[in-house]
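Here's a quick tour of a single chain, starting with one residue and working outwards. Have a look at the model, then read on.

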Amino acid sequence: MGAALRSELTARGVSPECVETIVLVRDLLARVGDRWTILIVRCLAPGPLRFTALHEQVAGISQRMLSHTLRALTRDGLVSRTAHAEVPPRVEYALTPLGRSLDQAVGDLVHWVRDHQGDITRHRDEYDRG
């Protein structure tokens, strides 16, 4: 999707810098809006966790999906993976400073939803009735 979006935006005359920003924003919104990312980030907010502990805290996630999501978060620089040279091997995942800033932004969004929950629910009910 990134290449097609880049081509379309370029054809519309959008500057290359803006194209890259738009593509990155869409990519990260897709990441943050997926089913698991925010839950994983919130679980890692208190501190580093091993894979098994993180898997136990994120209800319903498969080991495969947890692994996939952690790789993606690591790629984006939101999570760090530290392998300790021990027997048995120990790997911990932690939020990076960038990941902590995402956690803060998500916290702000949650507070906004709480502050406006009644209004949103009322508007939805009115819309659904109408």
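## Starting at Gly2

Gly2 is partly exposed, with a relative accessible area of 22%. Keep in mind that this is a predicted model. The cut-off for buried is under 20% relative accessible area, and exposed means over 50%, so at 22% Gly2 lands in the partly exposed class.

As for where it sits, Gly2 belongs to helix H1, which covers residues 2–11. If you want a landmark, try Asp76: it is 74 residues away from Gly2 in sequence, and the C-alpha to C-alpha distance between the two is 16 Å.

## The overall layout

Stepping back, the chain contains six helices and three strands. Going along the sequence, they come in the pattern α-α-α-β-α-α-β-β-α.

What about the overall dimensions? The C-alpha trace spans about 60 × 40 × 25 Å along its principal axes. The radius of gyration is 19 Å, while a compact globule of 130 residues would have one near 14 Å. Among contacts with a separation of 6 or more, 40% are between residues 24 or more positions apart.

## Surface and charge

Of the chain's 130 residues, 26% count as buried. The accessible surface adds up to about 9100 Å², and carbon and sulfur atoms account for 56% of that.

On the charge side, there are 17 positive and 16 negative side chains. The centres of these two sets are 6 Å apart.

## The nonpolar core

In soluble globular proteins, nonpolar side chains tend to be buried together. Here, the largest nonpolar core holds 19 residues, and the ones with the most contacts inside it are Ile40, Leu44, Leu54, Val58, Leu70 and Val79. Helix H3 (37–44), helix H5 (63–75), strand E3 (90–95) and helix H6 (97–129) each give two or more residues to this core. H3 makes the largest contribution, with four residues.

Which residues does Leu54 touch, leaving aside those up to four places away in sequence? Its partners are Ile40, Cys43, Leu44, Leu49, Leu66 and Leu70.

## Thr69, a buried threonine

Is Thr69 buried or exposed? Thr69 has a relative accessible area of 3%, so it counts as buried. This residue is part of helix H5.

Not counting residues up to four places away in sequence, Thr69 touches Trp36, Thr37 and Ile40. You've met Ile40 already: it is also on the list of residues that Leu54 touches.

Notes
Residues numbered from 1 in each chain as written. Predicted model: local features only at pLDDT ≥ 70, side-chain atom pairs only at ≥ 80, totals over all residues. Heavy atoms only, no water. Rg over C-alpha atoms; globule rule 2.2 N^0.38 Å. Buried < 20%, exposed > 50% of the residue type's maximum accessible area, 1.4 Å probe, protein only. Contact = heavy atoms within 4.5 Å. Areas by Shrake-Rupley, 256 points an atom, 1.4 Å probe, with all protein chains shown as cover. Lys, Arg positive; Asp, Glu negative; His and termini not counted. Charge placed at Lys NZ, Arg CZ, Asp CG, Glu CD. Core = buried A, V, L, I, M, F, W, Y, C linked by side-chain atoms within 4.5 Å.
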